[in-house]
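Here's a quick briefing on how the inside of this protein is packed and how its strands pair up. Have a look at the model first, then read on.

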Amino acid sequence: MPPFSPRAVLFDFDGIIVDTEWAIYESWHQLFEDHGHPLPLETYNQCIGSDFETWSPKIHLEDLTGNSFDWHDIDETRNVWIRKELEGSGPMPGLPDSLRALQQRNIPCGVVSSSSHDWVDGWLGKLGLAASFETTVCRGDAPRIKPAPDLYLEAARQLDLPPADCLVIEDSVNGTRAALAAGMQTLAIPNRVTAC
């Protein structure tokens with residue numbers, strides 16, 4: 001079988017373009033600790049790259065404590081803490097060089113994320129990477145997010161390419177499932193959160 005030569009490369013965002021996963025996990029871990037319960041990475045990893053229909057830390061904490069919580073206020077506090085923790089963060093090591101190499105070969109790149117456009121586009125703009133991507137597909141751009149294949153299929157549609165011609169770079173189990181379900185070649189690069 002000849003080596004695979006992708007006609008496009010699609011990057012997940014969290015944990016692949018920017019190392020956001022650890023701060024997000026730490027915000028949940030601290031919340032669980034504050035209520036007297038651990039949150040092992042092996043448990044938390046069930047929700048990475050997906051929505052909380054796959055597994056919800058909110059429901060899990062309510063089940064453990066027998067309490068209900070004001071998630072709106074908690075999420076606001078967590079988001080402020082996460083953004084503060086990530087201040088000054090740059091792209092993942094090797095990413096800018098990889099993007100330049102792909103551009104030199106005229107291989108278009110895209111971002112496919114279960115996160116919001118506000119989060120993803122904000123980071124890409126801050127890091128000066130927005131122009132490196134032909135498309136950015138996020139939550140709300142397709143009926144379902146990962147682990148469903150919808151976001152990846154939408155990216156292929158926008159690039160006018162067959163899914164089988166795309167290479168996906170992912171870090172999570174849910175993201176990898178989504179890419180494989182879309183019929184795309186997939187390279188998984190776990191980070192310190194998703195490696196568990």
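**Packing and pairing around the core**

Leaving out residues up to four places away in sequence, Phe 11 touches Ile 16, Ile 17, Leu 95, Leu 99, Leu 102, Cys 109, Gly 110, Val 111, Val 112, Phe 133 and Ile 169 (contact means heavy atoms within 4.5 Å). This is a predicted model, so local features need pLDDT of at least 70 and side-chain atom pairs pLDDT 80 or more, while totals for chains, interfaces and linings use all residues. Residues are numbered from 1 along each chain as its sequence is written, and side-chain values use heavy atoms, with hydrogens and water left out.

**Cores**
- The largest nonpolar core (buried Ala, Val, Leu, Ile, Met, Phe, Trp, Tyr and Cys residues joined through side-chain atoms within 4.5 Å) has 40 residues, and Phe 11, Phe 13, Ile 17, Tyr 44 and Phe 133 have the most contacts inside it.
- Elements giving two or more residues to this core include β1 (8-11), α5 (95-104) and β4 (166-170) (helices, H or I, at least four residues, and strands, E, at least two, are DSSP runs numbered from the N terminus).
- The top contributor to this core is α1, with six residues.
- A second, separate core has 18 residues, among them Leu 10, Val 112, Ala 155 and Cys 166.

**Strand β2**
- Cys 109 and Val 111 point one way from β2, Gly 110 and Val 112 the other, and all are buried (under 20% relative accessible area, 1.4 Å probe, protein chains only).
- β1 and β2 run parallel, joined by three bridges (pairing takes at least two DSSP bridges), and Leu 10 has Gly 110 as its bridge partner in β2.
- β2 also pairs in the parallel sense with β3 (residues 135-137) over three bridges, with Val 111 opposite Thr 136.

Terms used
Buried means under 20% relative accessible area, exposed over 50%, partly exposed in between (1.4 Å probe, protein chains only).
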